[in-house]
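This report looks at a few helices, how they are built and how they sit against their surroundings. Please keep the sequence and the model in view while reading.

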Amino acid sequence: METLSERDRDRQEERLRRLTAAVPYFLLAASTLLSLASDDLHGSRLLETLGLVSLTAVLMWAMTGLNPEWTSRQGPMTVFVAVLIVMIALLSTRGVWFAGFFGFAGYVYSWQFLRGGWRFVGVAATAAVTVAAYMGGPPALTPASVLLYLGFVASIVLLVAVFSHLGEFTAERSDERRRMVERLRTTLRENEGLQAQLLLQAREAGVHDERERMAREIHDTLAQGFVGIITQLQAAERAELEETRASRGTVRGDGIGGTGEGDRAEWRLRVANATRLARENLAEARRSVHALGPAPLETTPLPDALSDLIVEWSRMSGVHSGFTLTGPARPLHAEVETTLLRAVQESLSNVARHAEAARVGVTLSYADDLVLLDVRDDGVGFDPAAVGTLRGGIEDTTGGFGLTSVRQRVGRLAGTVRIESEPGHGTALSIAVPAVPRETPVE
């Protein structure tokens with residue numbers, strides 16, 4: 001969209017173009033008035049002069065005003081300039097004012113409408129007739145008169161050429177600056193469009209990354225927490241059912257022993273566990289929304305956090321589990337420790353749901369430039385080539401987010417994930433990630 005200054009500039013250029021086009025008519029009118037005022041023009045000579053003036057004005061209007069497209073055609077313009085020079089010569093015989101004022105139109109039109117060397121021919125011819133008019137006629141055939149005449153003509157041609165070239169150079173520079181401004185404006189518009197497109201893509205990429213992050217966090221925290229809550233409530237429900245059956249047996253005296261105190265204690269334990277899991281899950285949900293790290297890693301080193309996690313999981317699931325640490329433990333980047341903790345949580349959750357395992361072992365190994373994590377169980381196992389058709393082991397084969405979340409997290413750290421399993425022989429998950437120190441940010 002053009003600015004106000006640009007529109008004003010265009011209007012000024014249009015007014016200047018029209019004024020320039022009107023200058024020859026103004027010079028013709030001024031020459032006519034001065035000639036009528038100072039020369040003795042009467043009778044037929046006056047009519048002839050006015051007729052030549054009118055014919056000259058009509059000629060200029062017909063060639064430049066009425067048919068402006070002819071100005072780009074060399075043939076018609078050559079004829080026009082030649083006829084105009086003849087008219088200047090005829091008018092100059094009627095009054096010297098035509099040579100002094102209107103002769104300027106011959107220089108302008110010759111340089112404007114002719115090309116190449118013909119420009120100098122037109123300017124020289126115009127100078128020849130105007131200088132002759134100033135001198136009162138053709139020069140006398142003497143060396144001094146001829147040299148004086150030719151000197152005047154050459155001087156006029158030189159001055160016209162110099163100033164005309166200077167005007168063309170200035171116009172070309174102005175056009176070049178205008179084109180440069182237009183290119184710059186076009187580039188700015190393109191850059192604005194590109195910037196808007198990049199911002200949109202960045203925004204979409206940010207939304208996509210945030211959705212993936214939330215999906216991982218929901219799966220690694222909320223989903224697993226809900227599974228634990230459901231498991232505890234189901235166990236509480238079974239304990240309540242057993243207590244009810246025991247109570248009925250006691251009332252009937254049918255020999256079904258027990259007062260149900262053990263079942264009632266288990267029921268209270270399961271409900272308490274479900275309540276605690278719900279509170280922890282709510283806290284993790286809030287941390288996920290604020291993009292915070294896992295709560296266990298805030299004040300506890302990774303090995304201790306994994307050990308506490310495994311002990312708590314074993315207590316709640318009833319599966320015997322063990323944790324082994326090899327190598328000197330050292331603080332790692334928060335993203336590395338979060339990835340390893342979430343991987344263990346995911347693995348234990350899948351073991352509890354599908355593996356039917358009696359024992360689980362977790363090993364964390366610190367090497368020079370790698371951290372290795374191994375989770376093994378003695379459960380039913382599965383065929384890795386048929387994931388999605390079998391159930392069992394660490395792999396989540398139920399169509400959920402499952403191991404995909406672990407692979408994505410490990411992949412962001414340039415790590416590797418390997419699964420080994422066989423039906424009836426348990427499952428092993430091995431993860432290797434770079435041992436990025438806590439001081440070094442992860443790109």
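Helix H10 is largely enclosed by the rest of the structure, because 18 of its 22 residues are buried. The model is a predicted one. After H10 comes Glu356, which has a positive phi, near 55°.

The lengths of H10 and helix H2 can be set beside the spans expected at 1.5 Å a residue.

| Helix | Residues | Number of residues | Expected span | Distance between end C-alpha atoms |
|---|---|---|---|---|
| H10 | 334-355 | 22 residues | 32 Å | 30 Å |
| H2 | 43-66 | 24 residues | 34 Å | 32 Å |

For H10, the distance agrees with the expected span. For H2, the distance is close to the expected one.

Which residues of H2 are buried? They are Thr49, Leu52, Val53, Thr56, Leu59, Met60, Met63 and Thr64. A general point helps in reading such a list: residues three or four places apart on an α-helix point the same way, because there are 3.6 residues a turn.

H2 also has a partner, helix H4, which covers residues 96-113. The two axes come within 14 Å and cross at roughly 20°. Angles under 35 degrees count as roughly parallel, and H2 and H4 are therefore roughly parallel to each other. Their crossing is left-handed. On the H2 side, the contact is made by Thr49, Val53, Thr56, Met60 and Thr64. H4 contributes Phe98, Phe102, Tyr109 and Phe113. Sorted by class, this contact has six nonpolar and three polar residues, with no charged residues.

Key. Residues are numbered from 1 along each chain as its sequence is written. This is a predicted model: local features need pLDDT of at least 70, side-chain atom pairs count only at pLDDT 80 or more; totals for chains, interfaces and linings use all residues. Side-chain values use heavy atoms; hydrogens and water are left out. Helices (H or I, at least four residues) and strands (E, at least two) are DSSP runs, numbered from the N terminus. The expected span of a helix is 1.5 Å times one less than its number of residues. Buried means under 20% relative accessible area, exposed over 50%, partly exposed in between (1.4 Å probe, protein chains only). Axes are lines fitted to C-alpha atoms, for helices over the stretch in contact, and angles run from 0 to 180 degrees between N-to-C directions. Angles under 35 degrees count as roughly parallel, over 145 as roughly antiparallel, 65 to 115 as roughly perpendicular and the rest as oblique. A crossing is left-handed if the near helix is turned anticlockwise from the far one by less than a right angle, and right-handed if clockwise. Contact means heavy atoms within 4.5 Å. Ala, Val, Leu, Ile, Met, Phe, Trp, Tyr, Cys and Pro count as nonpolar, Asp, Glu, Lys and Arg as charged, and the others, Gly among them, as polar.
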